[in-house]
Every structure is written in C-alpha cells, then in structure tokens.
There are 2 protein chains.
Amino acid sequence: MNNFEFKNPTKIIFGKDTIEKVKEEIPQDAKVLLLYGGGSIKKNGIYDQVKTALANVDVVEFGGIPANPEYATLMEALQVIKDQNITYLLAVGGGSVIDGTKFLSAAAVYDGDTPWDILTKSIRTEKGMPFGTVLTLPATGSEMNSGAVITRAETKEKLAMGGPGLFPEFSILDPQVITSIPQRQLANGLMDSFTHVLEQYMTYPIGALLQDRFAESILQTLVEVAPTVLKDPTDYQAASNFMWSCTMALNGLIQKGVPGDWAVHMMGHELTALFGIDHARTLAVIAPSHYKYNFEAKKEKLAQYAERIWNITEGSTEDKAYAAIEKTEAFFHQLGIDTKLSDYTKDYEGTAEEIAKRFKARGWKLGERQALMPEDAEKIVKMAY
Amino acid sequence: MNNFEFKNPTKIIFGKDTIEKVKEEIPQDAKVLLLYGGGSIKKNGIYDQVKTALANVDVVEFGGIPANPEYATLMEALQVIKDQNITYLLAVGGGSVIDGTKFLSAAAVYDGDTPWDILTKSIRTEKGMPFGTVLTLPATGSEMNSGAVITRAETKEKLAMGGPGLFPEFSILDPQVITSIPQRQLANGLMDSFTHVLEQYMTYPIGALLQDRFAESILQTLVEVAPTVLKDPTDYQAASNFMWSCTMALNGLIQKGVPGDWAVHMMGHELTALFGIDHARTLAVIAPSHYKYNFEAKKEKLAQYAERIWNITEGSTEDKAYAAIEKTEAFFHQLGIDTKLSDYTKDYEGTAEEIAKRFKARGWKLGERQALMPEDAEKIVKMAY
C-alpha cells in the first residue's frame, strides 16, 4: 500500500425529502447565487423545493450552465458574482453544474490575470468561495470531491482543476430525484461511476486489500442495481444504492494508497471536446480498447475483477482477464451504451492522430505508470473506431 | 436504506515514516499537552519521533493514562491543561489515550458543574479544544471518529460520550508501529475492529447494498490478514491493511443508512467495569451468545455473512446462520481469545443479574430495535458464563 493523506470535509445529507434541509446549511445572512442547468429543475419540482426552503435568504439565480460546463457561460456567472456581491454559491444540478460552481468558487477569489489560468496553470485553490450542492443526477461524484472539469468551446479544450478548498460544504442527496431523469442520463450515470471505479482499481496489485474490496463493492452494487434503475427509477432501494455508489466512487476514499490510471478519462475528454459525445459514452468507447491494449500490465487486476465481479473462475489469468473485458463491454451494451467511436460519428478518421498530437503538445504521459505515450493513445483510440 | 447525515473532517496521514509530519499539523504557536499511556512509546521509539518533530513547539507531557481511560487520572490532566494554559492536545497512543484526550477536549471547554456531567448527562460537544493523534495501536477507530468511552473506577462505571466537535483534527497512522505491540494487544485490535463491524452489520436487511458490502470488505480483510499480523507484525502489507481496516471499521461510514446494534459493546463494557477484562475480550465473550439469543431477528444477515465471509453456501438460512456463529467463535479462538466469562474469572456468579440491574436502573433498551430488555441481557450474559 502506498502512503496517503485523506481528508474529506463535505457534509452529506442523504435520503428521502431532504432537500428542504438546504435552509439549515446556508448562513441566513448569505447572498446566494443559485446555479442550475438547462431548466429541468423547474419541471421536476426541485427548483420549487429549493426556493421554498430558501424563502428567507437573499437569492440571485443563474441558469443555463450546459453539460460540459462552458467557460464562456461561467464567465457570465462570475460577472454576476462580482456585480451582486455574492457570498455563497448553491449548485442545483448534476456534475456539470457542480463542476461549474467549483470553477466559480475558485475564480471568485483568484487574483491572477485571467481565470483561465486556473485550468491551464493548474492553480490549486486552498480556499474558495463557500458553496453547497443539491444533487439532481447521480454520476460524477463531484458532490463529494474537490475536482472539476471545465470545457472551452472556443479552443475545443476540456481541462481539469481542483484543490483542498473546493470541497462542497454540504451536498444534499435525495435519491427520489432520479425518478425524473431520462433513461439516457441514468445510463450515463451508471457508466460514469462504474468507470470512475475502474480508473482507480484496474491497474496493478499493490496489496491494498481493503481498497480493492471497497472498489469491488461499488462495482458489484452498480451491476446489481443497474437493471432496476433503468427499468424503474421510482424503486427507492435501487435509486439510493445507485446514488450512494456514485458518490463513493469518486470521493477520494478508494484511490487512497493505490495507483490510479485515468487514461480512459483523458482520452474520453478529447472525444467530448472534438465531437460533443456525452462524457460517459466516451468512457465506454475508450475503456475496452484501453484494457485490451494494456492487457499485460493490467491482467492480474483484470483477473481479480473477473473473479470477484463477474464470477469468472475458470481458466488462466489471461483467460479470466480477457473474459472480464468482454463482460464489461457487454455490461455497457446492457446499459444501452455503444462502445465504438463510429457508433457516434462518421467523421472519426484522423481522431487518433489529433488526440496524440494534443497529448504530445501537452507533454502528457498517462496511466498508472506514466508510461502511456501519445503514440499509445493514438493506437488505443484507433482500436476504438 | 435509512436517511443519514455523514461528515468526517479528520485528516488521515497514513503510511511509512509519517510520524514526523506531526510538526506540519500543529500550529507553531500552540501550547501542546502530549498525552500518552503506560510508557511503551518511550521504548519503541515513537516518543522520540514525536519529540524530535515537535522540537520547536512548546510541549508539556502527561503520561500514565490507563487502558479504559480512568476519570480520576483524566481530572489530573485537566488540571494541567488549566494550570499551563494548554491550547492543543496531542494523543500518542491507542484508543484509551485517544478517548481520554477526547474527554479532555470536551472537559477543557465545558462550563457546567462537573465534567462527569459530560458522561452522565450525555452532553454533546459542538467544539472542543483542538487535538490530533499519533496512533500506536490499531483497534478502536477512535482516531477517525468523534466518540469516546470513559471509565470511573470509584463507581465501576464505563460510559460513552461524543459530539461533532470531537473529531481529531488529524491522525497519523504509521503501520510500522505494530511491530512492537504485544501479541495480546494485536489480537485485541483484530477482535475489537471485527466486532465494530458486526455491531453495524449484524442486524436485519434494509437494502443498503453498498454499506453491507463495505462492512463485508472490512471483515474479509481482517480475516485475511489476521494470521500474518499475529505471526509477523513486521509484514508491512498485513500491518497496513490491518490498520486501515480498524480505522474504516468505526469512522462512521459503514453505519450510515443502516440500523446499529451495539448491545455486545454495552454488555461487554459492564464486564470490563466489573472484572477489568480487556475490552476486546469482553466482546468475544458476549458476541456468540448474543447472536444465538437473537437468532430469529438476525438470521437473514447471519446467513448473508455466512455466504460472503465464510463461504458457507449449503443448507437453509438457519443452517448457514448458525454455522456462521460457530465460524465466528472459531475465528476468535484462532486469535487466541477465550469466549466464555468463566475463562476470565471464577467470580462470575451473579454477573448477569448485576448487569440487568444496572441496565434497568438506566432504563436501557438495547439492540437495533431497542427491543433487548434488561432481562434479555441477563439471559445473554448467563449464556456466556
């Protein structure tokens, strides 16, 4: 097990009819900017629940934060924060709204040239503007971590940021919110959280027995609840296990003391930046090829995963490992998610080269051993055509 | 799954040679009271590591906190805190020293009649004197939770306390500390953490799939590493998994959203108060009888545990459940721990009645359904003679 530090101060408020508790978490004298996305919260009743709870608080609103939160939009929100002397941010949405809010939390206190620096110069925020979240879409885990990913359409870039000052002060998780989420987004949430675990688990054995079992616990739970979540999102037991699994998949716990990969995300981000493919679906495109390409380096963990998640106990390490990749791809299909780039775009020619070029320009070496070079990424993306 | 709130702000610093980091966590201008136990830290080098790290900090010392931290001793330490204007507490020890430090953290800011109130009147501490810990004995999980248990010899009482202000600010966990721990205490640590998980898990099914699997992950890891920990405490892989499992067993995570029992601890505490039996060993005495006595109420979870921890897949729910209790008792024996009260004292007659009398006087109804009455406790303790 590697040495590690772990601290996660976010307060989670989880369960049925908990949204009204938002009023107990935000200081009464705060001037709040309520941030949300495309407006679905106005149809599903969540907006009304939040507004009712905050009836006695000074609240300004900023809606329209898009999926893959867009820098230009966020810069408009930043202007509102400054013009209106906002002191507290409240994200009501999924990972995109929460990530956008984290950027704003950082940007509101950043005194450099341009807030874009935070992304390009990897500025870590030690203390941002305080914020909380009301989660409306289980998927990214952003509600209990201190990271964010921001997109800039102008330059077709998608970059990560973070820092210890960017944990939400609180996050409210009412599993009932999933009843109004479209199938497509439920599938994305299952896919996203499943891949988050894989990125922290599918590396090489390091003797971190408990972290492995925790990771496997989340994978098993997602596999178990996925069919019910998709078939009947009003099933509270499935919804609550789905929601808590998504949070635990990326709140820092399972990554502690173990190597992390994250190459699937790095390649996937480029597919979103280039083609606008849903983040979760880019992971489904890249993951199977990534595991096949890096088979030798990952086969021990793949075989362990085969046994413990998919009950594949016959055959050699290689047999089990390969069967596990096939099972994984079949699971993605079961979620209704396509796993080839050509399923999403006809213009895929040249994509691998373009991604390799970008990685080269950034000097990126990816994977748990920083041994995955731009030319490897090129081959993996080609395998995923 | 039940509704829950979860917040755990303790910073964990985990790994080899991490004790020196204590200097980065304590404010340079603090006046520190370093608290420790019987002095083993002076033999195993941990005291020197801490003192070296804090060479530039004003440190007063208070040693001699006994196992089952004693109120009278802690009152002496409280006097030192007041006389010396201490501003920061540092526990260097196991659960007893850390629990004692939590009491002091609370007592230092309590302005009621007598600090004993904190225990008898269940005073919850919202903000105590800040403190950190250097863990020297994996077992209780006190290093990452906000609870404590304090003993008062004068009245033969052992009572619990806690509050959101009693999380350590930081805890340093260097698994190498176990190399100097006597076998007896290593076995106690394995026993204690295993039972912590059982108390939060062995209740009734509530559809909290992820919490169940996390609990099972800790149990599996403890079962897996126990023989190596006892045979060769210098095995770093076993030591690190043991240490992290103990912390995760009682840091609040696996109890969220599920019913909790804790009757084994409540009965066990009385055995320590009456006979001075090691805390962990009282759990081994009570647990098998408790699960047999409450068999009907717990058999579904016992059977799940049988399958997932002990690979018992044959037979009815009852068969598996009963076999699991036997496997559990055998595991305790494998740790070198006796499971009958008569193994520890010849004066056991009347114990069950005395415990029932105490529970009755306190109006206690125990267990996950608060349905275990003093007369049930009497029967369970008798079964454990």
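I take two residues to be in contact when their C-beta atoms, placed from the backbone, lie within 7 Å. With that cut-off I went through chain A of this predicted model. Among its contacts between residues at least 6 apart in sequence, I found that 77% join residues at least 24 apart.

**Entry 1: chain A overall**

I looked up the element count and got 15 helices and eight strands for chain A. Its radius of gyration is 20 Å, and the globule rule gives 21 Å for 385 residues, so I put chain A down as being as compact as a globular protein of that length. The C-alpha trace spans about 65 × 45 × 45 Å along the principal axes. As for burial, 57% of the 385 residues of chain A count as buried.

**Entry 2: the sheet**

Next I traced the strand order. I got an open sheet of 12 strands, running 3(A)-2(A)-4(A)-5(A)-8(A)-1(A)-1(B)-8(B)-5(B)-4(B)-2(B)-3(B), with mixed pairing. Which strands stand at the edges? They are strand 3 (58-62) of chain A and strand 3 (58-62) of chain B; each has a single partner strand, so one side of each is left without a neighbour in the sheet. I also noted the twist: neighbouring strands are turned by 25 degrees against each other on average, direction ignored.

A reminder to myself: strands of a sheet pair through backbone hydrogen bonds, either parallel or antiparallel.

**Entry 3: where the chains join**

I then checked the strand pair at the A/B junction. Strand 1 of chain A and strand 1 (residues 4-14) of chain B run antiparallel and are joined by seven bridges. In that pair I found I13(A) opposite E5(B).

The contact between the chains takes 32 residues from chain A and 33 residues from chain B. On the side of chain A, the elements giving two or more residues are strand 1 (4-14), helix 8 and helix 9. Helix 8 of chain A gives the largest share, 10 residues. By class I have 14 nonpolar, 12 polar and six charged residues on this side.

**Entry 4: helices 8 and 9 of chain A**

Since both helices turned up in the previous entry, I looked at how they pack on each other. The axes of helix 8 (residues 209-231) and helix 9 (residues 236-249) of chain A come within 9 Å and cross at roughly 140 degrees. The crossing is left-handed. Helix 8 of chain A brings I218(A), T221(A), L222(A), V225(A), T228(A) and V229(A) to the contact, while the residues from helix 9 of chain A include F242(A), S245(A) and M248(A). I have this contact down as nine nonpolar, four polar and no charged residues.

**Entry 5: inward on the chain B side**

From strand 1 of chain B I stepped to strand 8 of chain B; the two pair in the parallel sense over four bridges. F14(B) stands opposite L173(B) there. Strand 8 (residues 170-173) of chain B points F170(B) and I172(B) one way and S171(B) and L173(B) the other, and all are buried. Its pairing with strand 5 (residues 131-135) of chain B is parallel too, over three bridges, with G132(B) opposite F170(B).

**Entry 6: strand 4 of chain A**

Back in chain A, I picked strand 4. Is it covered or uncovered? Mostly covered: six of its six residues are buried. Y88(A), L90(A) and V92(A) point one way, and L89(A), A91(A) and G93(A) point the other.

I then listed its partners. Strand 2 of chain A runs parallel to strand 4 of chain A, joined by four bridges, and L33(A) stands opposite L89(A). Strand 5 (residues 131-135) of chain A is joined to strand 4 (residues 88-93) by five bridges, also parallel. There L90(A) faces G132(A). Helix 5 (residues 95-107) of chain A packs on the sheet, touching strand 2 (31-35), strand 4 and strand 5 of chain A, and its direction makes about 165 degrees with that of strand 4. Further along strand 4, G93(A) stands opposite L135(A) of strand 5.

**Entry 7: G94(A)**

Last, I looked up G94(A), in the loop between strand 4 and helix 5 of chain A. Why does G94(A) count as buried? It has 28 C-beta neighbours inside 10 Å, and the cut-off for buried is 20 or more. Leaving aside neighbours within four places in sequence, G94(A) is in contact with T136(A), L137(A), A139(A) and T140(A). I also checked V59(A): it lies 35 residues from G94(A) in sequence and 20 Å away in space, C-alpha to C-alpha.

Definitions and conventions
Residues are numbered from 1 along each chain as its sequence is written. Chains are lettered from A and ligands numbered from 1 in the order in which they are written. This is a predicted model: local features need pLDDT of at least 70, side-chain atom pairs count only at pLDDT 80 or more; totals for chains, interfaces and linings use all residues. Axes are lines fitted to C-alpha atoms, for helices over the stretch in contact, and angles run from 0 to 180 degrees between N-to-C directions. A crossing is left-handed if the near helix is turned anticlockwise from the far one by less than a right angle, and right-handed if clockwise. Ala, Val, Leu, Ile, Met, Phe, Trp, Tyr, Cys and Pro count as nonpolar, Asp, Glu, Lys and Arg as charged, and the others, Gly among them, as polar. Two strands pair if DSSP finds at least two bridges between them. A residue is buried if 20 or more other C-beta atoms lie within 10 Å of its own, exposed if 12 or fewer, and partly exposed in between; C-beta atoms are placed from the backbone. The radius of gyration is taken over C-alpha atoms; the globule rule is 2.2 Å times the number of residues to the power 0.38.
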